Amino acid sequence: MKRATAIIGAAFGDEGKGLMTDYFSRNAGEEPTVVRFCGGANAGHTVVTPEGDRHVFHHFGAGTLAGARTYLSRYFLVNPVLWREEYDALQGRGLRTRLFVDREAPLTTIYDMLENQRAEIVRGADRHGSCGAGVHATMNRQKFSDVRIFAGDLERPAYLRERVQRVRDHSISIDGREDEVFERFLLDCKLMRSKINLCDSRVLVDRPSEIIFEGSQGLLLDQDQRDFFPHVTHAKTGLHNILAIAEEANIEQIDAVYVARTYLTRHGAGKLPGEDPDLYHYDNTNEPNRWQGALRFAPMDTDLIECAIGNDLQPARAWSGNVTPMLAVTHMDQLPTMPDIAVPLRYIGHGPTHRDIYEHSRR
């Protein structure tokens with residue numbers, strides 16, 4: 001039976017999905033494959049190795065430091081601008097990267113990023129919490145066939161130039177730097193094409209090593225999460241996309257690892273149940289920034305998390321394979337108490353590094 005592990009955020013993001021992806025990659029066989037199944041480079045997944053090596057992953061899977069290769073599925077938004085920045089950083093550290101990209105993955109342009117940033121500025125106090133990476137603008141643009149762009153279009157430079165020009169024509173002014181920005185973006189696209197392997201989900205079919213699905217934001221930011229709309233992301237953050245890819249890759253068993261801290265966090269605008277302005281834990285990945293402000297905190301809401309996980313498991317009932325739910329609790333060193341959540345069958349808990357890893361079962 002072909003198996004896979006799925007790392008899914010159980011809250012508002014920042015739960016420790018990168019940490020858990022690295023953990024499972026280190027305990028997998030030779031060169032596992034990390035599958036990014038939603039979101040885009042707006043995700044920032046921090047990994048700190050036992051030796052103290054640290055990186056915040058955006059495009060590359062968070063198992064990269066453990067020797068994993070990455071597959072960006074058709075549900076992942078490819079951003080050549082932010083990819084180049086991360087590629088340069090990883091190459092500068094001498095790291096080997098293997099990146100496979102689905103031809104049907106939407107491609108984010110520099111103009112999508114500018115549009116998201118402009119929209120947040122205009123909203124002022126009513127901001128949605130965008131981090132300015134162009135995810136929402138890309139998904140909206142992809143609805144229109146004349147400006148739709150995919151990763152596979154990187155193989156057709158003339159066609160890509162024409163498509164990007166159409167997006168540019170409908171974009172905002174960039175203070176006289178239009179030509180420079182346009183050509184720079186196309187150079188990023190050219191470099192990306194030379195460094196990636198374009199493919200589709202069949203790349204997973206014959207892989208003998210383990211497959212690890214890595215989510216972006218958490219379940220409470222899913223695009224269909226009505227309780228927190230409009231301060232959500234434009235992506236399906238749970239099992240929905242995973243099950244579709246699993247069918248194509250002949251995966252029959254999924255260990256769904258839902259990740260939560262021992263407390264709730266939220267970066268950006270929107271409701272945070274039980275928010276406590278006096279609760280604070282230092283987080284060097286989530287420093288205050290122009291687009292999302294400061295990281296906010298609240299005590300763990302077990303009912304909220306349990307409901308989110310239970311709702312996400314509903315599609316698994318109609319799936320031909322088997323899904324085993326688990327809960328991974330991170331940041332145990334900051335608040336060493338175990339949330340009492342009924343849905344998962346197994347707990348995996350540790351702090352923000354690989355210290356004090358343990359597992360125990362509950363029936």
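Let's start with a pair of helices: α5 and α6 are oblique to each other, oblique being whatever is left once angles under 35 degrees are called roughly parallel, over 145 roughly antiparallel and 65 to 115 roughly perpendicular. Before I go on, a word on what you're looking at: this is a predicted model, where local features need pLDDT of at least 70, side-chain atom pairs count only at pLDDT 80 or more, and totals for chains, interfaces and linings use all residues. Residues are numbered from 1 along each chain as its sequence is written, and side-chain values use heavy atoms, with hydrogens and water left out.

Okay, back to the helices. Two packed helices are described by the angle between their axes and the distance between the axes. For α5 and α6, the axes come within 11 Å and cross at roughly 140°. Those axes are lines fitted to C-alpha atoms, for helices over the stretch in contact, and the angles run from 0 to 180 degrees between N-to-C directions. The crossing of α5 past α6 is right-handed; that's the near helix turned clockwise from the far one by less than a right angle, and anticlockwise would be left-handed.

Who does the touching? On the α5 side, Leu-160, Arg-161, Val-164, Gln-165 and Arg-168; on the α6 side, Glu-178, Asp-179, Phe-182, Glu-183, Phe-185, Leu-186 and Cys-189. Contact here means heavy atoms within 4.5 Å. By class, that's six nonpolar, one polar and five charged residues. For the classes, Ala, Val, Leu, Ile, Met, Phe, Trp, Tyr, Cys and Pro are nonpolar, Asp, Glu, Lys and Arg are charged, and the others, Gly among them, are polar.

Take Arg-168, which sits in helix α5, residues 157-169. Is Arg-168 buried or exposed? Its relative accessibility is 17%, so Arg-168 counts as buried. The cut-offs: buried is under 20% relative accessible area, exposed is over 50%, and partly exposed is in between, with a 1.4 Å probe and protein chains only. Leaving out residues up to four places away in sequence, Arg-168 touches Tyr-111, Glu-178, Asp-179 and Phe-182.

Now α6 has another partner. Helix α2, residues 80-92, and helix α6, residues 178-195, have axes that come within 9 Å and cross at roughly 60°. That makes α2 oblique to α6, and this crossing is left-handed. From α2 we get Pro-80, Val-81, Trp-83, Arg-84 and Tyr-87, meeting α6 residues that include Phe-185, Asp-188 and Met-192. The class count is eight nonpolar, no polar and four charged.

On to the rings. There are six aromatic pairs in the structure, a pair being Phe, Tyr or Trp rings (the six-membered one for Trp) with centres within 6.5 Å; planes under 30 degrees apart are stacked, over 60 edge-to-face, the rest tilted. Trp-83 and Tyr-87 are stacked, 4.9 Å centre to centre with 20° between the planes. They're four residues apart in α2, which means about one helical turn between them. Both are buried.

Then there's a tilted pair: Tyr-263 and Phe-297, with centres 5.9 Å apart and planes at 50°. Tyr-263 is in strand β10 and Phe-297 in strand β11, 34 residues apart. Tyr-280 joins Tyr-263 and Phe-297 in one aromatic cluster.

Last, the whole chain: eight helices and 14 strands, which are DSSP runs numbered from the N terminus, helices H or I with at least four residues and strands E with at least two. Of its 363 residues, 56% count as buried.
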